[in-house]
Amino acid sequence: MTQPYRLSAGGRIDRARTLTFSFDGKRYTGHPGDTLASALLANGVHLVGRSFKYHRPRGILTAGGEEPNALVGVGRDDAHFTPNLRATQVELYDGLTSESQNRAPSLERDYGAINDVFWRFFPAGFYYKTFMWPRKAWTKFFEPRIREMAGLGRSPQTPDAARYAQRFAHCDVLVVGAGPAGLAAALAAAKTGARVILCDEQSEAGGSLLAEPDAQIDGLPAAEWLKTALAQLAAYPQVKLLTRTTAFGYFPHNMIGLAQALTDHEGERSDAQPRGRLWQVRAKRVVIAAGAIERPLVFPDNDRPGIMLAEAARIYLERYGVLPGRRALIFTAHDGAYRTALALHRAGCAIAGIVDLRPNAGGPWVAAAQKAGLAIYPASTIATTDGRLRITGATIKPIAGGSGQRVSCDTLLMSGGFTPSVHLFSQSRGKLVFDATLDAFLPGAPAEACSVAGSAAGVPSLAEVLASGAEAGAAAAGGSAVSYQVTNAPVAQGGFIGAVPYHGDPGSVRAFLDYQNDVTAKDIALAMREGMKSVEHVKRFTTNGMATDQGKLSNMNALGIMSPVLGKPVPAIGTTTFRMPYTPVPFGYFAGYARGELFEPERRTAIHSWAEAQGAVFEDVSLWKRARYFPRGSEDMHKAVARECRAVRNGVGIFDASTLGKIEVVGPDAAEFLNRMYINAWTKLQPGKLRYGILLREDGFVIDDGVIGRITDTRFHVTTTTGGAARVLTMMEDYLQTEFPELNVWLTSTTEQYAVIAVQGPMARKVVAPLITGADISAEALPHMSMVECKIAGVPARLFRVSFTGELGFEINVPADYGRAVWEALMASGKPYDITPYGTETMHVLRAEKGYIIVGQETDGTVTPDDVGYAGMIGKAKPDFVGKRALARKAFAEQTNRKQLVGLLTDDPTLVLDEGAHIVADPAQPKPMTMLGHITSSYWSETLGRSVALALLRDGRARTGEQLYVPLATGNARVSVVAPVFYDPEGTRLNG
Amino acid sequence: MLLIPCPYCGNRPEIEFAYGGEAHVVRAADPRKEDDAAWTEFLYFRKNPRGDHAERWRHAFGCGRFFNVKRNTYTDHIEASYRIGETLP
Amino acid sequence: MDNLAETTSLSRLFALSGQAGDRRCRPVTGGARFSLRVKQASLGAAGEALGLDLTGPINRAVSSGQRTALRLGPDEWLLLLAEADAASVAASLAQRLTDGLYSLADISHRQTGIALEGAAVTDLLNGGCPLDFDLAAFPVGMATRTIFFKAEIVLWRQDTARFHMEVWRSFAPYVWSLLANVGREYAD
């Protein structure tokens, strides 16, 4: 028999179509319009999970996003699997595959349930006190066991196959929640012509109207009115209705995060269209119409499968045509449960009785129940329940005391009243105000441009809900509200917070408060005995409200328990912070498009495609891809680099330096500006000349370097490090705009304007010269550190005579679109000289042989120009430059043993030291040893046939000639301190 | 995400901006005349208030200008934004 | 070899050559671009030199014939010109602004253009650009520097459903791929 609990008529499901789905491997059927929860209930399945700590059997408790128990994993395979979904929000589709969580081997027989037998040993805070000893047992035993036992669903092990979309949006009015209040608000706002976004987490708009068979609005049955309202909204082009869309976070300045599920309900989705979309909505005004959440009652054993919230049961009945059971006992402090009892009674479910905590409940709903002949137990409580995998009965006792009466039932429906959903309002940092008559925190003064309408604001009746929505919508858009006529919707009242009186040894009962984290009323009491007085401390000690449902069901009851113990009214205790997300949002929504090659820009030079075709191996340098070396045949990096180094030293090499940062500094005060920024003097640098510049931060430490060319009196071509390009430009703009606004100079990034090709080696001029027109590049006309504007292969170029290798060299700047063509022209021109492309690794080796520093390698943000031996470059006559005053501080001037750049040569010429390794005087000294410095660069030098290293060493220059040690994993290496230049110290090769 | 009023471009989303630290920390016109204590204060010491704060932002992905904002660090409420060289309103 | 330099006229290789994109997007190849910085006092003279009124508000475009100036900041304009016009613009500015209180930097090759057109084009842009493209907030003729995902761009609205985007060349493939990726969600 299929779906034995499905009624033959009623609800918003499509009985003409049957869907098949599986839960824990067992197949069931349902209908379009079902959620996984409603379909399971239609099949009589209540047991859907095991609790987090005690592994107690748990059933479906709610019909919405507040569900703490029915957490399931859904997905046809690992790549489409999502754990921890609330079955109450999973829309049913044909072929849906789902599984329960936190149980082994099965829901019915779960080994972890042993925890429930020994529950006395796991009180609140037990993990702060246990597993402390022996220390080693933590990693070997306790942690693996706990990890196995704890947690919720399983994480998929394969990458998520789905795509995720993102979208920025703006509107005049964002309405959160498309129940009656939200609809009225959206209609009122839309009428003014405002741009409106209306979102709702459910599959269809309507909220409570989707389970409203009785009320009439403006003479129409609620469901009909809903249709017309949606039709009206759809007719406005500037209104966007987003269903399956949860407003999960309220961010500053009215930015709301929405998570819109796009294809989850469509079944085995193709991955072509995105699964979901993250919206970042900037709204001028926000109307929060998020409704209210029914509270459970806290009584002993209130967590057996079959125990459900009363309003949830009514929703399953009215919206899905499902009976929660055959014989229901009602336990309530609110009139709404009477309405549920009456509806179930009409639908053929036996009502075992209505147990009401209140002594003299009255009003229309109570009267109707009495008239229908339902048994009512006023001023009574439930002392216990029975049943293992499903409730089988409960014991009713008068609050005043006396003997209990056991009533059998297969369902227990409870209501402690409603908690307004103030989460978003609270996230927006709006103040909450406690309303003693409603026993609820209500929105008070807002902190953002927002208002709250409907049940979220504690408004009780449908008529008032519509009115408050219309008013809020009109106010948000500057319009006027319409009024709605509502009939046949009697108000339901009542409520209770805290633990109900239950007559029994408080130490031996478990009345659950936070179902998802297994927190009981007793745990709250224990926390207070342990001295936790603040609600925030109680929360952390007990973990109440810290599960994925964030205490939607438990927070108010916790306060209700604390209040009498502390002797303080609830508002004096306060409430914990409401945090985003309102309901969990899959990580994919936040990642969005930013996966794989779209994660971040991969910057490629104009010459990249050539290097790629040559089989270059690339490395990441900031966002750039740079060719690291160009292996030939079966060469490894070591062999390739050795060959490239030989080519540059003996013949000619060609290198793509396009990634170097470039800044065009233009204006009458350009030289003065550079004087103030760089340590060097620029005034006397002649047009056509280059100078190596060092840039400090204001604290005196080296932050960047680069060659700077003077094109004309008023125009400089500044280069920076690859990684420093943006930072240096920002720093220069900062000084220019805020400290030196009187200077007439402007900065333009030209990094990408030019492709930069370095041609280096004794044969460099022979390769370059034939391609040049408009300039003489002979040694006499264009000496080292000079530049000329000319044409190369017909393309305009800024030709720099400069070297980062120690050889005769040129750096050729050409407009980037021509970069590859000029490169190929140089390759052709260099063919007779066996021109060899080289990569960044060879560049590093060649410059290290010359002792040229790399900012970020020889410097680490604590290195001064003098530390690296560049003090001589400081423009002594300059009154000021960035960092000058800091270097003049006494603390610097008097410091004697600063780390200084030196060269190191190992005794064993084949040993290449580890970069980062420390240097000590005596490797036999007791640990911790006195560190004298560290290796900054270390390479095999093919040119010298031995290893070389650069290091920062305390008082290093004075130690030249000393022998020190570098402790390595392989033993202690003895090294000699030498000057930091290993090759051609006189620099004669530069002038070739 | 904050909505920051650029004095040149109007309200723009925070991701177009870069934070620039405390405002009105003036670099002395002639640093040589500052003693070590004053220069150390200038280099390293900044306010970190809970409440109103005058701070610099740069409309990095916009007009490129640095400017000042008076923002409450607790509520994120922005009371004013003004150009470099102008005084705190 | 000597004649290589004389005879070669190398053709430009554009940043987006050969890469498939969204059907609403088209690479705009060629053209010249300058970053122009001018002091307030010289706006009139610079405008006369260019034949463009530079005194208009920030974040607006002014065009005359093939010449367009996008005012990106209080003293910053992005000039978009025909390639053949580049030299004459530089010369007339130099001639007119004799005090030298301006800066002109050639950035023709620094960035590339992308034209976007179609009914869903603002949805496409809002995939990664946080600005409000309602016509009241971003009217036709508005041009501004902004951000598209993690790339800096300049966006100029040429018509209700037509935009011109400028992006640095090494960021162009990233922007182009994202436009294609986001575009899959939106019909024409």
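**Figure 1. The interface of chain C and chain A, across which 6 salt bridges are found.** In this predicted model, 51 residues of chain C are in contact with 54 residues of chain A, and the area buried between the two chains is about 4,400 Å², with carbon and sulfur atoms giving 54% of that area. Across this interface there are also 26 residue pairs in polar contact, counting pairs in which both residues have pLDDT 80 or more. On the side of chain C that touches chain A, at least two residues each are supplied by α1 (2-7), β2 (32-38), β6 (102-106), α4 (121-126) and α5 (172-183) of chain C. Sorted by class, this side of chain C holds 21 nonpolar, 13 polar and 17 charged residues.

**Figure 2. Close-up of the salt bridge between the side chains of Asp123(C) and Arg167(A).** The N to O distance of this pair is 2.6 Å, and the salt bridge is part of a count that comes to 71 over all chains. The pair crosses between chains, with Asp123(C) placed in helix α4 of chain C and Arg167(A) placed in strand β8 (residues 164-176) of chain A. The two partners fall into separate accessibility classes: Asp123(C) is partly exposed, with a relative accessible area of 23%, whereas Arg167(A), at 7% relative accessibility, counts as buried because the value is under 20%.

**Figure 3. Close-up of the salt bridge between the side chains of Arg646(A) and Glu942(A).** Here the N to O distance is 2.6 Å. Arg646(A) lies in helix α18 (residues 637-650) of chain A, while Glu942(A) lies in the loop between β48 (933-941) and β49 (946-954) of chain A, so the pair ties together parts that are 296 residues apart in sequence. Arg646(A) counts as partly exposed, at 39% relative accessibility, and Glu942(A), with a relative accessible area of 25%, is partly exposed as well.

**Figure 4. Close-up of the salt bridge between the side chains of Arg33(C) and Glu166(C).** In this pair, the N to O distance is 2.5 Å. Distant parts of the chain are linked by the pair, since Arg33(C) belongs to strand β2 of chain C and Glu166(C) belongs to strand β10 of chain C, 133 residues apart. Both Arg33(C) and Glu166(C) are buried. A further view, in chain A, takes in Arg56(A), Arg58(A), Asp301(A), Asp303(A), Arg304(A) and Asp518(A), which are joined into one network by salt bridges that share partners.

**Figure 5. Helix α5 of chain C and the elements against which its buried residues pack.** With 12 residues, α5(C) reaches 16 Å from its first C-alpha to its last, close to the 16 Å expected at 1.5 Å a residue. Of these 12 residues, 10 are buried, so α5(C) is largely enclosed by the rest of the structure. The buried residues are Ala172(C), Pro173(C), Tyr174(C), Val175(C), Trp176(C), Leu178(C), Leu179(C), Asn181(C), Val182(C) and Gly183(C). Within chain C, the buried residues of the helix pack against β1 (25-28), β7 (111-117), α4, β8, β9 (151-159) and β10 (162-168). Two of these elements appear in the earlier close-ups, namely α4 of chain C, which carries Asp123(C), and β10 of chain C, which carries Glu166(C). The helix itself is also among the elements that supply at least two residues to the side of chain C that touches chain A.

**Figure 6. The contact between chain C and chain B, to which chain C gives 16 residues and chain B gives 12 residues.** Between them, chain C and chain B bury about 1,000 Å², 59% of it on carbon and sulfur atoms. The count of salt bridges between these chains is 1, and the side chains of Arg65(B) and Asp75(C) meet in a salt bridge with an N to O distance of 4.0 Å. Alongside this salt bridge, the count between chain C and chain B is 4 residue pairs in polar contact, with both residues at pLDDT 80 or more. The elements giving two or more residues to the side of chain C that touches chain B are β4 (67-73) and β8 (143-148) of chain C, and the largest share, 4 residues, comes from β8(C). By class, this side of chain C has 7 nonpolar, 4 polar and 5 charged residues.

How values were computed: Residues are numbered from 1 along each chain as its sequence is written. Chains are lettered from A and ligands numbered from 1 in the order in which they are written. This is a predicted model: local features need pLDDT of at least 70, side-chain atom pairs count only at pLDDT 80 or more; totals for chains, interfaces and linings use all residues. Side-chain values use heavy atoms; hydrogens and water are left out. Contact means heavy atoms within 4.5 Å. Buried area is the accessible area (1.4 Å probe) that two parts lose on being put together, summed over both. A polar contact is a pair of N or O atoms within 3.5 Å; within protein, one must be able to donate a hydrogen and the other to accept it, and residues adjacent in sequence count only if both atoms are side-chain atoms. Ala, Val, Leu, Ile, Met, Phe, Trp, Tyr, Cys and Pro count as nonpolar, Asp, Glu, Lys and Arg as charged, and the others, Gly among them, as polar. The expected span of a helix is 1.5 Å times one less than its number of residues. Buried means under 20% relative accessible area, exposed over 50%, partly exposed in between (1.4 Å probe, protein chains only).
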